[in-house]
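The following exercises introduce a protein model through guided reading. Each task is followed by a solution that proceeds step by step.

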Amino acid sequence: MGCRTWGPKAVVFWCVVLSLIHVSLGSKARHFKWEVEYMYRSPDCLEHVVMGINGQFPGPTIRAKAGDTIVVELTNKLHTEGVVIHWHGIRQIGTPWADGTASISQCAINPAETFEYRFKVDRPGTFFYHGHYGMQRSAGLYGSLIVDVADGEKEPFHYDGEFNLLLSDWWHKSVHEQEAGLSSIPLRWIGEPQSLLINGRGQFNCSLAAKFSNSSVSQCKFRGNEQCAPQILHVRPNKTYRLRIASTTALASLNLAIGGHKMVVVEADGNYVQPFAVNDLDIYSGESYSVLLRTDQHPSNNYWISVGVRGREPKTPQALTILNYFPTSASKLPTSQPPVTPRWNDYNHSKAFTKSIFALMGSPQPPKTHHRRIILLNTQNRINGFTKWSINNVSLILPSTPYLGSIKYGINNAFDQRRPPENYDDNYDVFKPPVNPNSTHGSGVYTINFNTTVDVILQNANALAKDVSEIHPWHLHGHDFWVLGYGEGKFREEDEKKFNLKNPPLRNTAVIFPYGWTALRFVADNPGVWAFHCHIEPHLHMGMGVVFAEGVRRVGKVPRAALACGLTGNKQH
């Protein structure tokens, strides 16, 4: 029986059904049951309490294919604090309530409660997840999320095997102590991390490369089953390997190098880039890359993989592991010293790498013009004696009712209704400490007209101390943006002529260099409320962020549990 013998309504119905079946072929729902809890672990060979998932640190790796639906039943087994998980780099199209941002997209999940995250991973790439409540990322709440191409699709490059490197930093001081210090007068800064971790493993009291060191540090001796023993990368000669590298650091900007090997960068933040070769790679908190590595060195040797600190004067030793060539024994140490990390304040090196990243031909191009420009001045300030970070002199505090609910239901007394400033005083000198260091708290929202194009200029400045301007990696939820350009000093209208509108990279995280500016463009086409913030954990904790809202009335039904707190607790039917 053919379609034509049926009535027009039946034809439409079955055509829709068949098209949905066609779209969903090959995609599947992947279910996970997770319990978040504190546990004892030795990430850097010293035992401390970490935050883990199902007894694992880092948390379990999620592997999916583009088009799949991820379903995570998350149970909070922490006894005295709430929890949420942000799926970093996943745009949450149609599911803004699953973004995992406490007070923005959902209520924190209370102790003993279970919350179901359900969202689609719509494109391939290297992503990760992490806590987004208090400073739980610093406590170890993170893991990898890898999305492969859909069945029948191909990557625009070939490789024979792959490895996943999730980079993080680690303190011996608990996050609760760190938070208390950040909220003290005078400020008690968290200091530099004690260790850098590769897939949750580092070495504090020994070194794999002690014989190449001038210090008295001892040589690590591992059987291989220790929690801090490095994960060795086993490779075969004359093959091409994909290294997926992501940084979930709380503070440190990092540089990764592999002794004797070049790397070819092919992906950044889930977007393909024009391939380019590097000897080492800078990666800031919130960023991810894929690089291709050709094992073309002598197979009788092994080679160091080193990760060191950039952008801050390093007081933390390199993280090390080994690239082990078959058939050489994995216990054979490389014969030369590990690659030396470029000097921490060699910003020309950093800028040269960052400015080499361009979108692969055929990638989406930005709109040629913008509807609105928001300039965000990053400053360090004081409020009632407390040290804070501010944007246009407003330090972000989050309300007790999630914005997604209060805006959707029109509850006007849930947060500050004043529009936050879109610019700063043109007389402000970004090269000097603020003349008036005093700032104010605010919980206002930048409301953006749906489907309009927005330019954001991130403007860096001097901190409270003289001659200090720090690196800040900024991450946008719910979107990718085009990075149109970077510049020195104060952004001026004429700088727009330098924007790259031909092949700017699409990213979800972008850095502003000391005393510089970075220009971003995005289209507000994803209904929801989205955080945009510095990805350095203590900086966000100290107010370094803003909130964008767009098309919130277009958001469909929000699960009751997402908004079951504050003024929205009794609003849902």
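Two strands pair if DSSP finds at least two bridges between them; strands (E, at least two residues) and helices (H or I, at least four) are DSSP runs, numbered from the N terminus. This is a predicted model, in which local features need pLDDT of at least 70 and side-chain atom pairs count only at pLDDT 80 or more, while totals for chains, interfaces and linings use all residues. Residues are numbered from 1 along each chain as its sequence is written, and side-chain values use heavy atoms, with hydrogens and water left out.

**Exercise 1. Strand S19**

Task: Determine which strand is joined to S19 in the antiparallel sense and which in the parallel sense.

Solution. Step one: strand S18 (residues 303–310) and S19 run antiparallel and are joined by 5 bridges. Here valine 307 stands opposite alanine 319 in S19.

Step two: strand S11 (residues 233–235) runs parallel to S19, with 3 bridges between them. In this pairing histidine 234 faces asparagine 324 of S19.

Step three: S19 (residues 319–325) is mostly covered, since 7 of its 7 residues are buried (under 20% relative accessible area; exposed is over 50% and partly exposed in between, with a 1.4 Å probe and protein chains only).

**Exercise 2. Strand S12 and its partners**

Task: Establish how many residues of strand S12 are buried, and identify the strands that pair with S12.

Solution. Step one: 8 of the 8 residues of S12 (residues 240–247) are buried, so the strand is largely enclosed by the rest of the structure.

Step two: consider the two faces separately. Thr240, Arg242, Arg244 and Ala246 are buried on one side, and Tyr241, Leu243, Ile245 and Ser247 are buried on the other.

Step three: S12 pairs in the parallel sense with strand S9 (residues 161–170) over 7 bridges, and leucine 166 stands opposite alanine 246 in S12. With strand S17 (residues 288–294), S12 pairs in the antiparallel sense over 7 bridges; isoleucine 245 stands opposite tyrosine 289 in S17.

Step four: continue to S17, of whose 7 residues 6 are buried. Strand S14 (residues 263–268) runs antiparallel to S17 and is joined to it by 4 bridges, with glutamate 267 as the bridge partner of serine 290 in S17.

**Exercise 3. Helices H2 and H3**

Task: Explain why the buried residues of H2 line one face of the helix.

Solution. Step one: list the buried residues of H2 (residues 175–182), namely Val175, Gln178, Glu179, Gly181 and Leu182. Step two: seen down the axis of H2, these residues fall within an arc of 160°, so they line one face of the helix; the arc is that of the directions from the helix axis to the C-beta atoms.

Step three: the buried residues of H2 pack against helix H5 (537–541), where contact means heavy atoms within 4.5 Å.

Step four: apply the reasoning to H3 (residues 347–354), in which Tyr347, Ser350, Lys351, Phe353 and Thr354 are buried. Seen down the axis of H3, the buried residues fall within an arc of 160°, so they line one face of that helix.

**Exercise 4. Phenylalanine 450**

Task: Locate phenylalanine 450 and list the residues that it touches.

Solution. Step one: phenylalanine 450 is in the loop between strand S24 (446–448) and strand S25 (453–459). Step two: its relative accessible area of 24% makes phenylalanine 450 partly exposed.

Step three: not counting residues up to four places away in sequence, phenylalanine 450 touches Ala524, Asp525, Asn526, Pro527, Gly551 and Arg554. Step four: phenylalanine 450 and valine 523 are 73 residues apart in sequence, yet 8.5 Å apart in space, C-alpha to C-alpha.

**Exercise 5. Backbone geometry in loops**

Task: Identify two cis peptide bonds and two residues other than glycine with positive phi.

Solution. Step one: the peptide bond from phenylalanine 57 to proline 58 is cis, with omega near -15°; proline 58 lies in the loop between strand S2 (48–53) and strand S3 (62–65). Another cis bond joins phenylalanine 326 and proline 327, with omega about 5°, and proline 327 is in the loop between S19 and H3.

Step two: alanine 112 has a positive phi, near 75°, and counts as exposed at 68% relative accessibility. Aspartate 467 has a positive phi of about 60° and is exposed at 58% relative accessibility.
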